[in-house]
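These are my notebook entries on one structure. I looked up single residues at the start, then a helix pair, then the nonpolar cores.

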Amino acid sequence: MADGARNGMDLFWSQRPRLLGLAYRMLGDRAAAEDVVQDSFIRWRDVDPDTITNPAGYLTRVVTHLSIDALRVRQRLVPSYPGPWLPEPIGEADHGPMGLGEDISAALMMALERLSPLERAVFLLHDIFETEFSEIATTLGRTPEACRQLASRARRAVAGSRRRYPLDVKEGARLVEAFFLASRGGDVAALERLLTEDAVLFADGGGIRSAALRPIVGRDRVVRFCAGLARKAGFIPPEWRQEERITGTPGLVTLEADGLPQVTLVEPRVGRIAAIYVIRNPLKLKAFLK
């Protein structure tokens, strides 16, 4: 292999975690993100690195455009998705290889779903990856002012989902453990103490496993839902459980009675739980199979 080609490959692999982090934040799907980065590698392999003045910027542009295209395709399919669509969870051990940092959280990933593909791209490139608006404008074929407007709209849409303070890991572990015990035991009083008044529960079964087909909004409704599941005839506790941070959020992995894993995430707010995300779609949980 010629030195130029070898250097080009080395440069790409040095950028790969960052590119994966961008693609995952854009798509919320690990396999789709890896496909995007693989496609960017094929395109990179076909260019002469010596002709690219800003290789990192070039690769960012390629991954951004591929991600926008993939996101638009997925958004056309989401209306037919059975129930809420939740991002694929990423375990703590995979955060580094996936280029994920402290900014990531399940709440932010869900908020990003409300954005248009262009708003999502501009917000991530500027607010997360600290890219100048002039460079974003070149990437997207827009003016810097148009990109600023897109970023402003995106910030307003996700304002309540970004953590104001670093996550207290011990507090997060306490809350997820307490929720597990209270919800599996049908402890109504404990659940009422744990949840904020406006708590919401999302469940994603992907049409493969049973799950609530609509978000459950409000503490009373979430409590009734959890208590009802605990009382359900034939309810069997999980075979094992393991606490860890997943997609930057306090989480619990359990192996359920059907032999498949489930990931439950809780979003803390001032000592209580503001949101619960239950991922049951087995296509999103392959990394958690033991």
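**Entry: Leu-213.** I began by asking whether Leu-213 is buried or exposed. Its relative accessibility is 57%, and exposed means over 50%, so I recorded Leu-213 as exposed. I note here that the model is predicted. I then located Leu-213 in the loop that runs between strand E1 (195-204) and strand E2 (216-217). Next I looked up which residues Leu-213 touches, leaving out those up to four places away in sequence, and I found Pro-82, Gly-83 and Pro-84. For Pro-84 I also looked up the separation: its C-alpha atom is 6.5 Å from that of Leu-213, although 129 residues along the chain lie between the two positions as a sequence separation.

**Entry: Asp-204.** I turned to Asp-204, which has its place in strand E1. Asp-204 has a relative accessible area of 0%, and I therefore entered this residue as buried. A polar atom of the Asp-204 side chain lies 3.0 Å from the backbone nitrogen of Gly-206. Not counting residues up to four places away in sequence, I listed the residues that Asp-204 touches, among them Tyr-81, Pro-84, Trp-85, Leu-86, Arg-280 and Lys-284. Pro-84 thus appears in the lists for both Asp-204 and Leu-213.

**Entry: helices H5 and H6.** How do H5 and H6 pack, and at what angle? I found an angle of about 145 degrees, with the axes 10 Å apart. The crossing of these helices is right-handed. From H5, the contact is made by Leu-118, Val-122, Leu-125 and His-126, and from H6 by Phe-133, Ile-136 and Leu-140. I recorded the residues of this contact as 6 nonpolar, 1 polar and no charged.

**Entry: the nonpolar cores.** I noted a general tendency beforehand: in soluble globular proteins, nonpolar side chains tend to be buried together. How many residues does the largest nonpolar core have? I found 47, and those with the most contacts inside this core are Tyr-24, Met-26, Leu-112, Val-122 and Phe-123. Helices H1 (3-27), H5 (117-128) and H6 (133-140) are among the elements that give two or more residues to it. The largest share, 9 residues, comes from H1. I then looked up Leu-112, which, leaving aside neighbours within four places in sequence, is in contact with Arg-25, Arg-120, Phe-123, Leu-124 and Val-158. Another core, of 22 residues, lies apart from the largest one and includes Val-176, Leu-191, Ala-199 and Val-222.

Note on methods
Residues are numbered from 1 along each chain as its sequence is written. This is a predicted model: local features need pLDDT of at least 70, side-chain atom pairs count only at pLDDT 80 or more; totals for chains, interfaces and linings use all residues. Side-chain values use heavy atoms; hydrogens and water are left out. A nonpolar core is a set of buried Ala, Val, Leu, Ile, Met, Phe, Trp, Tyr and Cys residues joined through side-chain atoms within 4.5 Å. Buried means under 20% relative accessible area, exposed over 50%, partly exposed in between (1.4 Å probe, protein chains only). Helices (H or I, at least four residues) and strands (E, at least two) are DSSP runs, numbered from the N terminus. Contact means heavy atoms within 4.5 Å. Axes are lines fitted to C-alpha atoms, for helices over the stretch in contact, and angles run from 0 to 180 degrees between N-to-C directions. A crossing is left-handed if the near helix is turned anticlockwise from the far one by less than a right angle, and right-handed if clockwise. Ala, Val, Leu, Ile, Met, Phe, Trp, Tyr, Cys and Pro count as nonpolar, Asp, Glu, Lys and Arg as charged, and the others, Gly among them, as polar. A polar contact is a pair of N or O atoms within 3.5 Å; within protein, one must be able to donate a hydrogen and the other to accept it, and residues adjacent in sequence count only if both atoms are side-chain atoms.
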